[in-house]
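Ready for a few warm-up exercises on a protein fold? Take a look at the structure, try each task yourself, and then read the solution.

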Amino acid sequence: MKLVMAVIQDKDSNRLSQALIKANFRATKLASTGGFLREGNTTFLIGTDDDQLEELLEIIRENCKAREQLVAPMSPLGGSADAYSPYPVEVEVGGATVFVLPVEAFHQF
């Protein structure tokens, strides 16, 4: 058995949630905040049998797409201003960061 922790952008949360339900995967959704852009994320905790792991990863891959987004830069706080640009910068956001952990035991009460 595996525990899959998937951190995704909020924009993909509902689409992934519906896809997981349709494929009979149970998940717990947690609100989280990203450190770099300080934007909302959703972290899914999903338990799955080893033989269903690839199917689960494919569902996450299909429903969590990376996209380009303009981001207003933050001014440096006490750091060097040499590389600071006052103009919006285009960065890639979205997609999914997925951790797969082995589960030693699982109990449901």
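**Exercise 1. Describe how α1 and α2 pack against each other, and list the residues that meet.**

Keep in mind as you go that this is a predicted model.

Step 1: start with the geometry. The two helices, α1 and α2, pack at an angle of about 145°, and their axes are 9 Å apart. Those two numbers are a handy pair, because two packed helices are described by the angle between their axes and the distance between the axes.

Step 2: add the handedness. The crossing of α1 past α2 is right-handed.

Step 3: name the residues. On the α1 side you'll find Asp12, Arg15, Leu16, Ala19 and Leu20, and these meet Leu56, Ile59, Ile60 and Asn63 of α2.

**Exercise 2. Work out which residues of α2 are buried and where around the axis they sit.**

Step 1: go through the helix. α2 spans residues 53-63, and its buried residues are Leu53, Leu56, Leu57, Ile59, Ile60 and Asn63.

Step 2: look down the axis. These residues cover an arc of only 155°, so they lie on the same side of α2. The spacing fits a simple rule: an α-helix has 3.6 residues a turn, so residues three or four places apart point the same way.

Step 3: find the cover. The elements over the buried residues of α2 include β1, α1, β3 and β6.

**Exercise 3. Put the strands of the four-stranded sheet in order and find its edges.**

Step 1: get the order. It's an open sheet, β2-β3-β1-β6, and the pairing is antiparallel.

Step 2: spot the edges. β2 (27-33) and β6 (96-102) each pair on one side only, which makes them the edge strands.

Step 3: check the twist. On average, neighbouring strands of this sheet are turned by 20° against each other, direction ignored.

Step 4: zoom in on β1, residues 2-9. It pairs with β6 over seven bridges, in the antiparallel sense, and eight bridges join β1 to β3, again antiparallel. Val4 shows both sides: Ile46 in β3 stands opposite Val4, and in β6 the bridge partner of Val4 is Val100. Further along, Ile8 stands opposite Ala96 in β6.

Step 5: place the helix. α1 (residues 10-22) lies across β1, β2 and β3 (40-48), running at about 20° to β3.

**Exercise 4. Decide whether Thr42 is buried or exposed, and find what surrounds Thr42.**

Step 1: locate the residue. Thr42 belongs to strand β3.

Step 2: apply the cut-off. Buried means under 20% relative accessible area. Thr42 has a relative accessible area of 6%, so Thr42 is buried.

Step 3: look at the surroundings. Leaving aside neighbours within four places in sequence, Thr42 is in contact with Ala6, Val7, Ile8, Asp10, Ser13, Lys29, Leu30 and Ser32. With Asp10 there's a polar contact too: 2.7 Å joins the two side chains.

**Exercise 5. Decide the same for Arg26 and Asn24: buried or exposed?**

Step 1: find the place. Arg26 lies in the loop between α1 and β2, and Asn24 has its place in that loop too.

Step 2: use the other cut-off. Exposed means over 50% relative accessible area. Arg26 comes to 66%, so Arg26 is exposed. Asn24 is at 70% relative accessibility, so Asn24 counts as exposed.

Step 3: check the details. Not counting residues up to four places away in sequence, Arg26 touches Leu45, Ile46, Gly47 and Gln108. The C-alpha atoms of Arg26 and Ile46 are separated by 6.3 Å, though the two residues are 20 residues apart along the chain. As for Asn24, its phi is near 65°, a positive value in a residue other than glycine.

**Exercise 6. Sum up the whole protein: what does its secondary structure come to?**

Step 1: count. There are two helices and six strands.

Step 2: read from the N terminus. The elements run β-α-β-β-α-β-β-β.

Step 3: add the overall figures. Of the 109 residues in the protein, 28% are buried. Among contacts with a separation of 6 or more, 69% are between residues 24 or more positions apart.

Note on methods:
Residues numbered from 1 in each chain as written. Predicted model: local features only at pLDDT ≥ 70, side-chain atom pairs only at ≥ 80, totals over all residues. Heavy atoms only, no water. Pairing = 2+ DSSP bridges. Axes fitted to C-alpha atoms, helices over the stretch in contact; angles between N-to-C directions. Contact = heavy atoms within 4.5 Å. Buried < 20%, exposed > 50% of the residue type's maximum accessible area, 1.4 Å probe, protein only. Polar contact = N/O pair within 3.5 Å; in protein donor to acceptor, adjacent residues only side chain to side chain. Arc of directions from axis to C-beta. Left-handed = near helix turned anticlockwise from the far one by under 90°.
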